[in-house]
Amino acid sequence: MFHLMPLQDKMKKQIVITGWQSQILTALYENDLLCELWLEPDKEQVRIGDIYIGKVKHIVPNIQAAFVEIQPGVMGYYSLNKNKNHLFVNPKKNDKLVAGDEIVVQVEKENLKTKAWTLTGKLSFPGRYTVLNAGHHETFISSRIKSLDERERLRSIVAEASYTDTGWMIRTEAEGMTADMIYREMSALSVNHKRIMSTSRSRTCFSKLWSGDTIYEQTIRQARKAGSCIVTTDCEKIYQKVSDTFSAAGASETEDLTLKYYDDPSYPLIKLKGLEAQIERAIQKKVWLKSGAYLVIEPTEALTVIDVNTGKAVGRQNMEDNFFRINMEAAREVCRQLRLRNISGIVIVDFINMKNQDHLRQLMECLKEEASKDTVQTTVVDRTALHLVEITRKKVHRSLFEQVHRLI
């Protein structure tokens, strides 16, 4: 078991990992409030971050794309506009991509709805402090690092490392870290990159050269950015994998992580946390608030509409103040539901109409503050002429509704 160090946490985070209907269920709690639910197959055939030797099946000039088979019967979309330089397994006299070529590709996006997996030839290797971006030469630094002196220090560390054939992204977690710690990680990522490119020539088509992180590993890495994190699982295999993954990274990687193994067959972890009921509630249209008000969440093909209703919420204060109180509660719950259900794309929220301009300003500020807690890029755009609030959220994985119904 890793030991939890006395850190000044911004937020208490707990992650529960268990099994549910042949799936791995990951639940993230922030200050004891459930904020994220994820389901992934126990033996996922393909996942984001995987690197394969794929075979080009078709070139489609009209859309400037190729369709590449990465596993028998598993097709991926490969943009020719975004991928000018192809990683051929067998050297060619020219750079023209044709059907039958074998190339090294990385899975960039899931096969959402009718779309194929999105593939890229620009390989990416994420670490805790840095990300190696093959196919690039620029150095980018997280916009969340505000100090100009710190940004310059980090930029000089990358320059001194002399990895001129690759680009780098410096993550927020690198702020304040020693040059030696960053060098060690950069070196390890560079070794992985070179190993994959050197061994690809001796591997057969459809070989997986690199495995991307599971969703629970991604969740752990994201959660630890805000401080310490407690991970509890009743799956021995997962317990061992998490232990091996993070202990292999050294003490600095585990000082803010506590890993617990739950072993009580008479009362399973999923029952202890009431997660089955939480999943059921998270795919229903109506969400009740503590005040007695409620949300109605309606996903459509083009966007998601969320309506705020007063319901049973009757306050003693005047009507405007009561509407403000309900809207503020609804704003926090809307942002939680976006994460919990993994709703993406355009979201339109119809709050209860208010006339007080100060209340409207506070509502928008509250929305932006809550949206900033989301690890997925979420933007509160503005209020429309019809007094509707527009929010956009980047699509990364399937919605929870799609994840659940994938099992049916």
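This passage looks at the nonpolar cores and one open sheet of a predicted model. Residues are numbered from 1 along each chain as its sequence is written, and side-chain values use heavy atoms, with hydrogens and water left out. Because the model is predicted, local features need pLDDT of at least 70 and side-chain atom pairs count only at pLDDT 80 or more, while totals for chains, interfaces and linings use all residues.

Start with the sheet. Six strands, in the order β16-β17-β18-β19-β21-β20, make up an open sheet with mixed pairing. Strands here are DSSP E runs of at least two residues, helices are H or I runs of at least four, and both are numbered from the N terminus; two strands pair if DSSP finds at least two bridges between them. At the edges sit β16 (286-288) and β20 (378-383), each paired on one side only. Within the sheet, β17 and β18 run antiparallel and are joined by six bridges, with leucine 295 opposite valine 308 of β18.

Then there is the largest nonpolar core, which has 32 residues. Such a core is a set of buried Ala, Val, Leu, Ile, Met, Phe, Trp, Tyr and Cys residues joined through side-chain atoms within 4.5 Å, where buried means under 20% relative accessible area (1.4 Å probe, protein chains only). Val349, Phe351 and Leu367 have the most contacts inside this core. Among the elements that give it two or more residues are β17, β18 and α9, but α8 gives the most, with nine. Leaving aside residues up to four places away in sequence, Phe351 touches Val308, Asn327, Ala330, Ala331, Leu363, Leu367 and Val389 (contact: heavy atoms within 4.5 Å). A second, separate core has 24 residues, including Leu132 and Ile157.

Methods:
Buried means under 20% relative accessible area, exposed over 50%, partly exposed in between (1.4 Å probe, protein chains only).
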